[in-house]
Structures are given as C-alpha cells and as structure tokens.
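Q: Please take a close look at one part of this chain and describe how that part is built. Add the setting in the rest of the chain.

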Amino acid sequence: MRQSQNWLTVYLIPVLLGLIIALLIILIKPDWFPQLNISPQQPAQRAETALKPIDLKPMQRLTDQTGPVSYSAAVKRAAPAVVNIFTQRIVKQQQHPLLNNPFLRRFFNNEPNERMQSSLGSGVIMNPAGYILTNHHVIAGATEIRVSMHDGREIDATLIGSDAEVDLAVLKINLSDLPYIHIADQDPLDVGDVVLAIGNPFGVGQTVTMGIVSAMGRNQLGLNTYEDYIQTDAAINPGNSGGALINAYGQLVGINSAIYSQSGGSQGIGFAIPANSAAQVLGDITQFGQTIRGWMGIEVQEATPALLTNIGLPTALEGLIVTGLALNGPAQQSGLMMGDIITSLNDLPSENAKAAMNQIAALRPGENIRIEFMRSGRLQSTVAIAGKREKPSE
C-alpha cells in the first residue's frame with residue numbers, strides 16, 4: 001500500500017502538473033509562445049473567391065448582321081419601291097373538233113375563239129428613271145401591262161426587254177418622284193441570314209413575309225436555262241413573282257421567282273434570283289436590248305463513276321467530260337478535244353455542269369478563261385477567249 005502511494009506521488013502528480021501548465025500557457029498566449037503558421041484570413045479569402053458571383057455581362061452583338069428585333073424600318077425603306085403588276089393577254093380558246101367542219105361552222109359563227117385573260121404579279125423599281133424588274137413569266141404574251149404603286153398611283157408600263165432564260169423582264173414607267181430600292185452592298189448573303197419577301201400574293205395587296213436563307217446556288221431545278229437561285233422559307237405565293245427579297249436592312253438581295261409546291265401555295269421552299277445577277281440583266285437590256293452572255297461552244301456531262309467506268313477511265317476522276325464542240329468555237333480553238341475532262345475553270349473546281357454554264361455565261365465576250373483538263377491521264381491547261389452567245393429563237 002505504501003509502495004502504491006509512492007508511485008502516485010512520483011509519476012502521476014508531475015504529469016498532472018505538466019498538463020495544467022500547458023493549458024494555462026495556451027490560454028494566456030505569452031509573447032514567447034511560438035505562433036502557428038496559419039493565417040486566419042486565408043480561409044476567408046478562399047471562401048470569398050468560391051462564393052464570388054459569376055460576372056454576367058450583357059451579350060455583345062457578334063456582328064452588324066445580327067439584326068434588329070423589329071424589321072419595320074427595313075420594310076419602310078423597301079416597300080415603296082415594290083409595285084403590283086396587272087397584265088392582260090389574249091388567249092385562244094380550244095374549239096370543238098366538230099367546228100372544223102365548214103358546214104357546221106356556219107351555224108356557230110358567233111362563238112368567239114379568243115378571250116382576254118388577266119393575271120397579276122409584282123415588280124421592283126430599280127432606279128429613279130422608272131426601270132422596273134419583274135419576272136418574264138409575269139408579262140409573257142401580255143398585250144397590256146399596268147403598274148400600281150405603293151402610294152396609290154397607277155400607270156401603264158412599257159416592256160423594254162425580256163430574258164426568258166433567267167425569267168427576268170424590264171419595264172419602264174414615266175412618273176416623277178419615284179421611290180427605288182438599293183441593292184445590298186454589305187457582306188455576301190449567307191445561309192441563315194434573315195430575309196423578307198415583299199409582293200402581292202393572290203392579289204390581296206402588298207404583303208411582307210419573313211424567313212431565312214435556306215440555301216444558296218440552287219441550279220438543278222429545271223426551271224430555266226440559267227439557274228443560280230437563293231432558296232428561302234419566307235412565304236412566296238402566286239402574285240409574289242417579281243417582288244423583292246430584302247435583307248434586314250431593307251436592301252435588295254433577290255427577285256422572287258418561283259416556289260416548290262404540291263398544293264399551289266407556299267410550302268416553305270421559295271426561290272429568288274440573286275440581286276447582282278438581276279442588276280446585270282437590267283443593265284444589259286437597258287443598254288443593248290438583250291442580255292449579253294459569254295459562250296464557249298462546248299457541251300459537257302458530269303463525270304459520274306458509272307460514266308467513267310463505261311469509257312474505261314478511273315472512277316476517282318472529278319470534272320466535266322467534253323461531249324460536244326462547236327466547229328471553230330472558242331473551246332475547239334483553245335485545243336480542247338472530245339473526251340477531255342475539265343477539272344477547273346478560272347481556278348474554280350468544275351464538278352457541276354449547270355454551275356459551269358453559269359460561270360461561262362457570266363463572262364463578257366473577249367474575256368479569257370483558263371481551263372484545266374485531264375487528257376490521257378495527264379493534267380493540262382489552256383486558255384479560251386469567250387465569244388458571244390446568240391439570243392435563242394423564241
């Protein structure tokens with residue numbers, strides 16, 4: 001028992017005293033007590049950083065073409081230059097075959113074999129002189145063309161010239177203080193751009209519809225000889241033909257021309273002739289009375305794998321196979337031969353026959369065109385001088 005008390009005195013009491021002293025030092029914190037290297041501000045700073053709100057700055061406009069919320073300003077700029085066109089034409093009626101008999105015709109000689117047909121469309125005033133662009137099919141065969149202005153004025157129009165190969169016509173009216181449209185001079189039109197169609201659908205009066213550019217360069221539709229259409233889902237209906245397709249700033253980007261429809265109404269697939277192409281036709285017709293186009297005297301066919309196999313050529317080739325040459329035409333004079341495969345025209349790849357024909361037609365007579373082609377497995381080049389394409393007989 002005495003030994004146990006000695007053990008408590010010797011070991012336990014000093015330990016307890018040491019713990020008490022250490023506790024007092026921690027609570028009092030004298031100057032000589034070492035400080036731990038932990039800053040109380042660091043956790044606070046980290047917490048502040050973690051809880052800092054995200055900087056939600058207003059989204060800036062990506063480009064000037066992002067467009068306004070409302071397009072009323074664009075419509076106000078363009079709409080006064082869009083006109084309604086009313087035409088009349090004489091249509092011959094189909095007679096009953098029995099009336100071809102002279103004896104029977106004596107008893108029905110009062111039956112008329114002709115009637116007057118009315119139709120409508122739209123047009124765009126292109127300059128202060130009163131020149132109007134519309135579609136060829138709007139005025140084809142018309143004996144009377146009357147234009148109704150946005151401000152209520154009406155006047156007869158004169159047909160200056162027409163180009164059935166691109167479905168465009170130029171009219172002229174003589175009025176003062178004419179509004180006119182401006183052709184887009186900003187960045188090129190692109191898929192996804194907002195466009196508005198202005199015209200007179202079904203004769204209800206001037207109407208505006210909105211959509212976007214769905215595709216560019218549509219050229220295998222079988223509508224005209226030369227095709228390079230803008231495709232849009234802006235509603236285009238009968239009567240819109242010849243009207244304006246404008247951008248979000250009220251500038252002309254196309255002339256509404258056709259629709260794809262199984263019902264006769266808009267189904268979201270409309271086509272417009274690019275404004276720059278239409279302006280060139282306008283300039284040619286007003287200056288020369290007809291459209292001036294380049295000509296090479298060549299017939300081509302797209303080099304499909306099946307066709308290349310049939311003529312014993314590698315199917316990997318891409319281009320246009322020369323299938324016909326006009327005697328002493330520009331293409332023949334340049335050295336091209338039947339069976340050559342044209343790979344590029346003026347450094348632009350030639351894979352689409354319609355696109356190549358448009359490219360040649362855009363040339364002015366006398367301009368050079370560089371042609372690269374494959375012959376006997378070797379890539380060669382030559383230069384042709386564009387001729388003038390004669391107006392086809394109607």
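A: What follows describes the closed barrel, then one residue elsewhere in the chain, then the chain as a whole. The model is a predicted one.

The barrel is closed and has 6 strands, in the order E8-E9-E10-E13-E12-E11, with antiparallel pairing. From one strand to the next, the twist averages 45 degrees. Helix H6, residues 275-288, packs on the sheet and touches strands E12 (252-259) and E13 (270-274). The direction of H6 makes about 55 degrees with that of E13. Strand E8 (residues 194-199) pairs with strand E11 (residues 244-246) in the antiparallel sense, over 3 bridges. In this pair, Ala197 stands opposite Leu245 of E11. In general, strands of a sheet pair through backbone hydrogen bonds, either parallel or antiparallel.

Thr382 lies in strand E20, which covers residues 378-385. Its relative accessible area is 14%, under the 20% limit, so Thr382 counts as buried. The side chain of Thr382 reaches the backbone oxygen of Ser334 at 2.6 Å. Apart from neighbours within four places in sequence, Thr382 is in contact with Ser334, Ile369, Arg370, Ile371 and Phe373.

As for the whole chain, it holds 9 helices and 21 strands. Of its 394 residues, 36% count as buried. Among contacts between residues at least 6 apart in sequence, 61% join residues at least 24 apart. The accessible surface of the chain comes to about 23600 Å², and 56% of that surface belongs to carbon and sulfur atoms.

Conventions:
Residues numbered from 1 in each chain as written. Predicted model: local features only at pLDDT ≥ 70, side-chain atom pairs only at ≥ 80, totals over all residues. Heavy atoms only, no water. Helix = DSSP H or I, 4+ residues; strand = E, 2+ residues; numbered from the N terminus. Buried < 20%, exposed > 50% of the residue type's maximum accessible area, 1.4 Å probe, protein only. Polar contact = N/O pair within 3.5 Å; in protein donor to acceptor, adjacent residues only side chain to side chain. Contact = heavy atoms within 4.5 Å. Pairing = 2+ DSSP bridges. Axes fitted to C-alpha atoms, helices over the stretch in contact; angles between N-to-C directions. Areas by Shrake-Rupley, 256 points an atom, 1.4 Å probe, with all protein chains shown as cover.
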